[in-house]
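Student: Before I rely on any label attached to this protein, I would like to see how each one follows from a computed value and a cut-off. Could we go through them in turn?

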Amino acid sequence: MSRLRAGLLAALPVALLAGAAQALSIAWPPSGEPLWWLQLLSLAVLAWLVPAAGSWRRAALLGWSFATAWLAGTFWWLFISMHVYGGLPSPLAAVAVLALAGFLGLYYAAAMGVFAALDRLAIAWRALLFAALWLLAELLRATWFTGFPWGAGGYAHVDGPLAVLAPLLGVHGIGFIAALLAFGLSLAARPGARGSWRYWGVLAAAAGLLAACKMAVAPVAPAAAAPRLSVALLQGNIPQDEKFQGGTGIPMALNWYGQQFRDANASLIVAPETAIPMLPQQLPDGYLQALRERFSQGRQAALIGIPLGSLREGYTNSAIGLKPGADVYRFDKHHLVPFGEFIPPLFRWFTDMMNIPLGDFDRGPLGQPSFEWQGQRLAPNICYEDLFGEEIGAQFADAARAPTVLVNISNIAWFGNSVAIDQHLHISRMRAIEFRRPVIRATNTGATAIIDRAGRVTASLPRHTRGVLTGQVEGGSGITPYAWWVARLGLWPLWSGALAIAAAAWWRHRQRARPGADRRAD
């Protein structure tokens, strides 16, 4: 066995363990808290392994192994939705999770393969190239095939020193900076590192950046004369295996939520995604009309998750807004979940193997208007839509009409009492920091919470319990730099910056590859 092959066999388990550590950094069990330093260390291990791989193919295999372990360890709970609630046999469900992780891992395999191939670069350029390629892989995962950026590395930093960069760069920009820092950390373990001032210069720059971010963190000033809104966030805790059953879950949901709508005293009552689990024409006679009459007068309003449309003409995953003196407000979910809410081409056979009620929704438009109530502009998003900051950002193009409060309604019961609840909460917290807007979350099983404009959870309900979370929310104003550019340009500034770095690195590599050129790496 050659030395390089033996080295690869030794490196593969290390890459897999580092990938698993990356998954744990997003939400460490059992607390569910993110560990920003673990994300840096695990990515630094990858940055240390890849240059020693010996070829771009081996580097790509290490990148793929790291990413597959990371992603499978991040969204393993998809197994619960497919097997426990969807009825898919457990071996097939396990294979499906691994196949998805392995497919998405190809982006990171390509990134590490390119990084290893462009090896005739100075250390500073190597650091920039590593971060740029990592960012490109994250952007590909976030956008191609409708995008599935769950567990992006930047979310591990929601409580860390890099969180201060969220209103400037967003979560993917934080991921770029984290990759730079991780590469700097990896240099400490390189042979000959102590004898090179360039290595120590990169390490010093990385440490300085972390320290500067830490010192830059300051309390978020309260909005000037911002009106406060009292809210009641409903958490029905309807079991997922009963939620759409006519004999148990549906009567339970209609009765409990109906009682809360009658009894709540808050100015705004919010019920989770598909809190009313039936199309309007399927509801008991007078149920929806009674809700409209309940909020047709007085000083209360409601946002309620309900599917709208018909089985014949198509239906949407929606929320309706009821308030005095106004027509019914409607929000239709725009970014649908593949396989769960729409069927990708050529995959009908796969979804037919599972029992997924209302599993083929129509898509709503992007940039729908906010629900206006008592001086606030409330912007709903449904379930994992808040994973896509660039789509939420589309509502911030006009500062005068920008949302003052973000509202997430979700049903994470599909994934059991798992870390998915904690991960989703951190996603909402990152959106709060990026846009400097409070986020209120009404969910079926958790995490029902109130998040302030600094991304701090100020109130929450215990997960998998039935209850009503009451509190006050103070709307935000102003437009962060991230909100400004993402509303106008989407993710293109990140794409163009990363591609520009990669192109410049390729050019410098080609220059050094010429006969007689200085090929020293540092």
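The dialogue below takes up burial, cores, strand pairing and a surface patch.

Tutor: Please keep in mind that this is a predicted model. The chain has 15 helices and 12 strands, and buried residues make up 58% of its 522 residues.

Student: Why is Ser410 called buried or exposed, whichever applies?

Tutor: The relative accessibility of Ser410 is 0%, and buried means under 20%, so Ser410 counts as buried. Ser410 belongs to strand β8, which covers residues 405–410, and, once residues up to four places away in sequence are set aside, Ser410 touches Pro272, Glu273, Cys383, His424, Arg441, Ala442, Thr443 and Asn444.

Student: How do you know which class Ile177 falls into?

Tutor: The relative accessibility of Ile177 is 11%, which is again set against the limit of under 20%, and therefore Ile177 counts as buried. Ile177 is found in helix α7, and its C-alpha atom is separated by 9.0 Å from that of Gly154, a residue 23 places away along the chain.

Student: And what makes Trp144 buried, partly exposed or exposed?

Tutor: Trp144 has a relative accessible area of 48%; the class between buried, under 20%, and exposed, over 50%, is partly exposed, so Trp144 is partly exposed. Trp144 is placed in the loop between α6 (123–143) and α7 (166–187).

Student: What makes Trp144 eligible for the nonpolar patch on the surface?

Tutor: A patch residue needs over 30% relative accessible area, and the value for Trp144 is 48%, so Trp144 passes that part of the test. The patch is formed by Leu61, Trp64, Phe103, Leu106, Trp144 and Phe145, which together have about 630 Å² of accessible area. The elements that give two or more residues to the patch are α3 (56–74) and α5 (90–117).

Student: What makes a set of residues a nonpolar core, and which members of the largest one touch the most others?

Tutor: The members must be buried nonpolar residues joined through side-chain atoms within 4.5 Å. The largest core has 135 residues, of which Phe75, Trp77, Leu268, Val270, Leu378 and Ile440 touch the most other members, and its largest share, 13 residues, comes from α6. Apart from it lies another core of 27 residues, among them Ala253, Ile269, Ile276 and Ile320.

Student: Which residues are in contact with Leu378, leaving aside its neighbours within four places in sequence?

Tutor: The contacts of Leu378 beyond those neighbours are Leu229, Leu268, Ser370, Phe371, Trp373, Val405, Val407 and Ile440.

Student: How do you know that β4 and β5 pair?

Tutor: Pairing asks for at least two bridges, and four bridges join β4 (residues 314–322) to β5 (residues 329–332), so the two strands pair. They run antiparallel, and Gly321 has Tyr329 in β5 as its bridge partner. Their hairpin has six residues between the strands, and Gly325 in that hairpin takes a positive phi near 70°.

Student: Which residues of helix α14 are buried, and what do they pack against?

Tutor: In α14 (residues 481–489) the buried residues are Tyr482, Ala483, Trp485, Val486 and Ala487. These buried residues pack against α7, α12 (389–392), α13 (420–435) and α15 (492–513). Following α14 comes Gly490, with a positive phi near 60°.

Key:
Residues numbered from 1 in each chain as written. Predicted model: local features only at pLDDT ≥ 70, side-chain atom pairs only at ≥ 80, totals over all residues. Heavy atoms only, no water. Patch = residues over 30% accessible without salt bridge, like charges linked within 9 Å, V, L, I, M, F, W, Y side chains within 5 Å. Areas by Shrake-Rupley, 256 points an atom, 1.4 Å probe, with all protein chains shown as cover. Salt bridge = Lys/Arg side-chain N within 4 Å of Asp/Glu carboxyl O. Buried < 20%, exposed > 50% of the residue type's maximum accessible area, 1.4 Å probe, protein only. Contact = heavy atoms within 4.5 Å.
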